[in-house]
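Reader: I would like to learn how to read a few local features of a protein model, one after another. Could we take them in turn, with the general idea before the case?

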There are 2 protein chains.
Amino acid sequence: MEEVKLLGFWPSPFVYRVIWALRLKDVQFDYVEEDLSNKSELLLRYNPVLKKVPVLIHGGKAIAESLVILEYIEETWPQNPLLPKDPHEKALARFWMQFGLEKMRPIHQAYFPAIGEEREKAAKQYQEVLKILEDQCLGDQRFFGGETIGMVDIVYGMLAYWFECMEEAVGVKVIEPSILPRLHAWVKNLKQVSVINDNLPHHGKLLAYYKTSREKLVSARSTLPTPSNHDAS
Amino acid sequence: MEEVKLLGFWPSPFVYRVIWALRLKDVQFDYVEEDLSNKSELLLRYNPVLKKVPVLIHGGKAIAESLVILEYIEETWPQNPLLPKDPHEKALARFWMQFGLEKMRPIHQAYFPAIGEEREKAAKQYQEVLKILEDQCLGDQRFFGGETIGMVDIVYGMLAYWFECMEEAVGVKVIEPSILPRLHAWVKNLKQVSVINDNLPHHGKLLAYYKTSREKLVSARSTLPTPSNHDAS
């Protein structure tokens, strides 16, 4: 059995995608915490291009980017499959994974550092995108993957746990049960899965981390010349 | 044999990714040109979420997003493989496909509508990213895929043909042979592949298209209030 090592950073939901996938497949691995303010030799050697976590090192060979790592894990350890077997269903799962990457990132970047009235506007835009995800992908299923969790659930895991802390830090909720009832139910379902529930960062620590990150972003914005101050995009 | 249909738009390099992959695998298909200013019922029905091309319809089932379509094609028609068999090498190829999506898009969006002195700055930023691609992925190989073209070459196809027209429209070159010699050689190598050379949009028409698109973007910028006018990001 070749050694499996994961370079991570404790609050990162992207790192948890990899942790969950490995645990769901019962793959033993060593976790190495990275200090991103003082990147290790290991990280710089194994991910010289992006210098980011997560990095998976398997038998001495490194793979970066969480979506790429998830595909590698699925291929290397086929037990407890995370993607559908049917090529068309698999393509749909990948479409929704890509949707998160493309559509949610700019909206998230507007929401998280938003202040004052901007926050409601940014939360509404977020809800509009999540409504598409709820309507077109989740529907009335227990999980995005159907009856059991799959790769799409893992990729959207941030919405299930990290999001509560982010909403609290921002002060405006996005996943309102009255607006996104099925996504709200999915959050509960996901947190009931033991592998997920047993592998989460500490809530209080995460909340403090997001509060500090947000304060830094907000104060960086307030030093910009106007009118960029009021440009939420 | 189930029917294969491709919804496309003639100047789109994303559509050509799919055309090239299908041609390289000798898959017969019907091409349907979309008028993106007046989207067809077919497009709205088959890609209701993004309403974009390319869309591949195989046996009545639709798949959107060019990277997702490429993976589907590779899996459905395994002849003339476009991805390496080795899982680690396959992960590296996917990493570089993702790199283009994440790193090049914002830089491209700064370069294409840039005016005056901004253009040189934006071109230099572009060159820095392409240098990483050249050094870390292409190296001294004939193609990104090695001796024959693969999925990474297909994904970066835009750099090989569309880019010349864009550079002419912007008026500042990015792929300078003195700065990016190996990428410059790769452009030549790719255009010598008959499937690529036989499946390209018309140069003059493409140049006119980019000139018009750029004029629209530049004039939209000039109607924005200052100082956003001078914000290239």
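Reader: Where in chain A is A:Pro54 found?

Author: Bearing in mind that this is a predicted model, one can place A:Pro54 in the loop between helix H2 (41–46) and strand S3 (55–58) of chain A. The peptide bond that leads from A:Val53 into A:Pro54 is cis, with omega near 0 degrees. In chain B, a cis peptide bond with omega about 0 degrees joins B:Val53 and B:Pro54, and B:Pro54 has its place in the loop between helix H2 (41–46) and strand S3 (55–58) of that chain.

Reader: Turning to phi, what is the value for B:Lys51, and where does B:Lys51 lie?

Author: Phi of B:Lys51 is near 55 degrees, a positive value in a residue other than glycine, and the residue lies in the loop between H2 and S3 of chain B. With a relative accessibility of 36%, B:Lys51 counts as partly exposed. B:Asp26 likewise is a residue other than glycine with a positive phi, near 60 degrees; B:Asp26 sits in the loop between helix H1 (13–24) and strand S2 (30–33) of chain B and is exposed, its relative accessible area being 62%.

Reader: How should I read a pair of packed helices, and at what angle do the axes of H4 and H5 of chain B cross?

Author: Two packed helices are described by the angle between their axes and by the distance between those axes. Here the axes of helix H4 (residues 87–111) of chain B and helix H5 (residues 118–138) of chain B come within 9 Å and cross at roughly 170 degrees. Because angles over 145 degrees count as roughly antiparallel, H4(B) is roughly antiparallel to H5(B). The contact includes B:Trp96, B:Phe99 and B:Met104 of H4(B), and among its residues from H5(B) are B:Tyr126, B:Val129 and B:Leu133. Its residues divide into 14 nonpolar, 3 polar and 2 charged.

Reader: B:Arg94 lies in helix H4 of chain B as well; is B:Arg94 buried or exposed?

Author: B:Arg94 has a relative accessibility of 9% and so counts as buried, the cut-off being under 20%. Leaving aside neighbours within four places in sequence, B:Arg94 is in contact with residues of both chains, including A:Glu71, A:Glu75, A:Arg94 and B:Glu71.

Reader: Which residues touch the most other members of the largest nonpolar core?

Author: Of the 172 residues in that core, they are A:Leu159, A:Trp186, B:Leu159 and B:Trp186. Not counting residues up to four places away in sequence, B:Trp186 touches, among others, B:Leu138, B:Phe143, B:Phe144, B:Tyr156 and B:Leu159.

How values were computed
Residues numbered from 1 in each chain as written. Chains lettered and ligands numbered in written order. Predicted model: local features only at pLDDT ≥ 70, side-chain atom pairs only at ≥ 80, totals over all residues. Heavy atoms only, no water. Axes fitted to C-alpha atoms, helices over the stretch in contact; angles between N-to-C directions. Helix = DSSP H or I, 4+ residues; strand = E, 2+ residues; numbered from the N terminus. Parallel < 35°, antiparallel > 145°, perpendicular 65-115°, else oblique. Contact = heavy atoms within 4.5 Å. Nonpolar A, V, L, I, M, F, W, Y, C, P; charged D, E, K, R; others polar. Core = buried A, V, L, I, M, F, W, Y, C linked by side-chain atoms within 4.5 Å. Buried < 20%, exposed > 50% of the residue type's maximum accessible area, 1.4 Å probe, protein only.
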